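This report describes one protein structure, moving from a helix of its interior to its surface and its charged pairs. The sequence and the model are shown first.

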Amino acid sequence: MSDLSSRERLAKLVLALGSTMLAAVIVAMVYLRPEIADQLRLWQQEIVARFFAHWMIWGISAMTLFCLLLAFSPFGSIRLGRDDETPEYSTFSWFAMLFSAGIGTGILFWGVAEPMYHIQGNPFIEMEGVEPLSEQAGRMALRITLFHWGLHGWAAYISVGLCLAYFCYRKGLPLTVRSALHPIIGDRIYGPAGLAIDLLAIFATLFGITISLGLGASQIASGLNYLFDANASNQLKLGLILLVSVIAIVSAVLGVSRGIRRLSEVNIWLSVLVLGALLAIGPTIYILKLFVTETFQYFYRFIPMGLWVDPEPVGSWQSSWTLFYWGWWIAWGPFVGMFIARVSRGRTIRQFVFGALLAPVLASFFWLSVFGGLALDLQLFRSADLITSVNADMSRALFTTYDLLDLGVVSWLFGLVTTLLIVSWFVTSSDSGTLVICTIISLGKGRPSNWLRVVWGLMIGLVAGLLLIAGGLSALQAASTIVAVPFAGAIFLMMIGLILSLWRTERASLRRAEDHGD
């Protein structure tokens, strides 16, 4: 017993020190060699786009197929926990936490900016001979935005989360990424190989959250500039990162039920308020028609869109957008997947897949249709110029939209509530990331200590602030896409391990249950 405890203490020390040193090395590299950001972007285009485009495009499509087939199979009835166990959280709380941790931050940033970028030109309007900046180009721009925030991305999260939840709650293994590879490498998950896997997961989580904090600080600063004419300086952004980090630490210390769950529910209700008000004030019929028609078009076309690979990958639109998105989703897989697993105990595989795949996707589509539809209406039918704002500074696009509505104090109130919502979304992402990192360092056993949550909450804020000053966030964005190439292979191994375990250990019990039912 003492030997086991010694090994566990050593493993925790290695994970804590190893991840801290890795963060220090990355920050130091960006400070000492600022040109590394440009080099990483070049490597992303040269290496990922040229040699691994098919791997990323077809790989994430395979993850989507894996999730759907598993949900429709007899194994979909297997419960993630004891056979008589009930879900730990209500459906509403569960959905709120999924949405907050998974994409709440992203659609706030890109809801207006991305459709306004794609309407100017993209391969799909070129292939169909559509005129840029036309109404049809606008609909296609929104469809592409839905594609980037649709089933494929969530499938990457679910593939990781489902494997972790199954091996933790069904097989009694620790809630860490290494556990999903137990059918492949056996007890070596407790050795150096397992430590390396968990270190990679900490790396992906730390820098994924860091990028989000940097982007979030920029957008919040734009909101304060819109509301109070505050100078969106680096000092203001650093102060915002500190504020978000402190609130996130408090939430992480309170835990999932008292902290993260409550903040996530507040996020959902605030979002409903903003969306409902914009839908009532804006072009209601136009937005609803866009939502229905482009959601249908997405589901009708998402297979060919998902399998299309640009024949000229280097420097192309696809490398800058789709490959970057797929890399981002995959790199966030350990973080969001583990968090989804953490809050999904007691649900069946089928509930897990459909609940985490369809509900957030449809909610995202409605959000993007409201904000994207409002922006398209202003650009196409009201002679407004949102495109210039998007091209100049994407973080200001959302607030420029409010300004162009020309509703006086109502536009100002929209800006105020949206800024508060951005803060709340980023807090839930940060505290979820803090909890995931602390869980991995604690080897997935028990409740991570409060001091560990405080230290890593500060670490995330510190790294985000340092990289923001050094201009290194773009380097991490490129690095996340590069890291996603090998991590996609790790996800495939997890998927294979889950299939092997289900086939070996669950098939007989399902057959007995069917015989008993007969």
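## Helix H10 and the interior

Leu206 lies in helix H10, and this residue offers a convenient place to begin reading what is a predicted model. With a relative accessibility of 1%, Leu206 counts as buried, since the limit for that class is under 20%. Setting aside residues up to four places away in sequence, Leu206 touches Ala23, Ile437, Trp456 and Ile460. The C-alpha atoms of Leu206 and Val454 are separated by 14 Å, although these two residues stand 248 residues apart along the chain.

Helix H10 itself covers residues 192-228, and its 37 residues should span 54 Å at 1.5 Å a residue, a value with which the 53 Å between its end C-alpha atoms agrees. Because 29 of the 37 residues of H10 are buried, the helix is largely enclosed by the rest of the structure. Just after H10, Asp229 takes a positive phi of about 60°.

The largest nonpolar core has 177 residues, and those with the most contacts inside it are Met63, Ile330 and Tyr402. H10 supplies the largest share of this core, namely 16 residues. For Met63, when its neighbours within four places in sequence are left aside, the residues in contact include Ala155, Ala156, Ser159 and Ile330, and also among them are Ala488, Ile491, Phe492 and Met495. In soluble globular proteins, nonpolar side chains tend to be buried together.

## A nonpolar patch on the surface

Nonpolar side chains are found on the surface as well, where Leu42, Trp43, Ile47, Phe51, Phe52 and Trp55 form a patch with about 590 Å² of accessible area together. Helix H2, which comprises residues 36-51, gives the most to this nonpolar patch, with 4 residues. Phe52, by contrast, is found in the loop between H2 and helix H3 (53-72), and its relative accessible area of 30% makes Phe52 partly exposed.

## Charged pairs

The structure holds 11 salt bridges, and three of them are set out below with the N to O distance of each pair.

| Salt bridge | N to O distance |
|---|---|
| Arg82 and Glu85 | 3.9 Å |
| Glu88 and Arg342 | 3.7 Å |
| Arg261 and Glu265 | 3.4 Å |

The pair of Glu88 and Arg342 links distant parts of the chain, 254 residues apart, with Glu88 in the loop between H3 and helix H4 (91-102) and Arg342 in helix H15 (residues 333-342). Glu88 counts as partly exposed at 42% relative accessibility, and Arg342 likewise counts as partly exposed, at 28%.

The bridge between Arg82 and Glu85 belongs to a wider arrangement, in which Arg82, Asp84, Glu85 and Arg345 are linked in a network of salt bridges. Glu85 is buried, with a relative accessible area of 12%.

Where do Arg261 and Glu265 lie? Both are in helix H11 (residues 234-281), 4 residues apart, which is about one turn of the helix. An α-helix has 3.6 residues a turn, so residues three or four places apart point the same way. Glu265 has a relative accessible area of 16% and is therefore buried.

Definitions and conventions
Residues are numbered from 1 along each chain as its sequence is written. This is a predicted model: local features need pLDDT of at least 70, side-chain atom pairs count only at pLDDT 80 or more; totals for chains, interfaces and linings use all residues. Side-chain values use heavy atoms; hydrogens and water are left out. Helices (H or I, at least four residues) and strands (E, at least two) are DSSP runs, numbered from the N terminus. The expected span of a helix is 1.5 Å times one less than its number of residues. Buried means under 20% relative accessible area, exposed over 50%, partly exposed in between (1.4 Å probe, protein chains only). Contact means heavy atoms within 4.5 Å. A nonpolar core is a set of buried Ala, Val, Leu, Ile, Met, Phe, Trp, Tyr and Cys residues joined through side-chain atoms within 4.5 Å. Patches are made of residues with over 30% relative accessible area and no salt bridge: like charges are joined within 9 Å, nonpolar side chains (Val, Leu, Ile, Met, Phe, Trp, Tyr) within 5 Å. Accessible areas come from the Shrake-Rupley method with a 1.4 Å probe; for residues, only the protein chains shown count as cover. A salt bridge is a side-chain nitrogen of Lys or Arg within 4 Å of a carboxyl oxygen of Asp or Glu.
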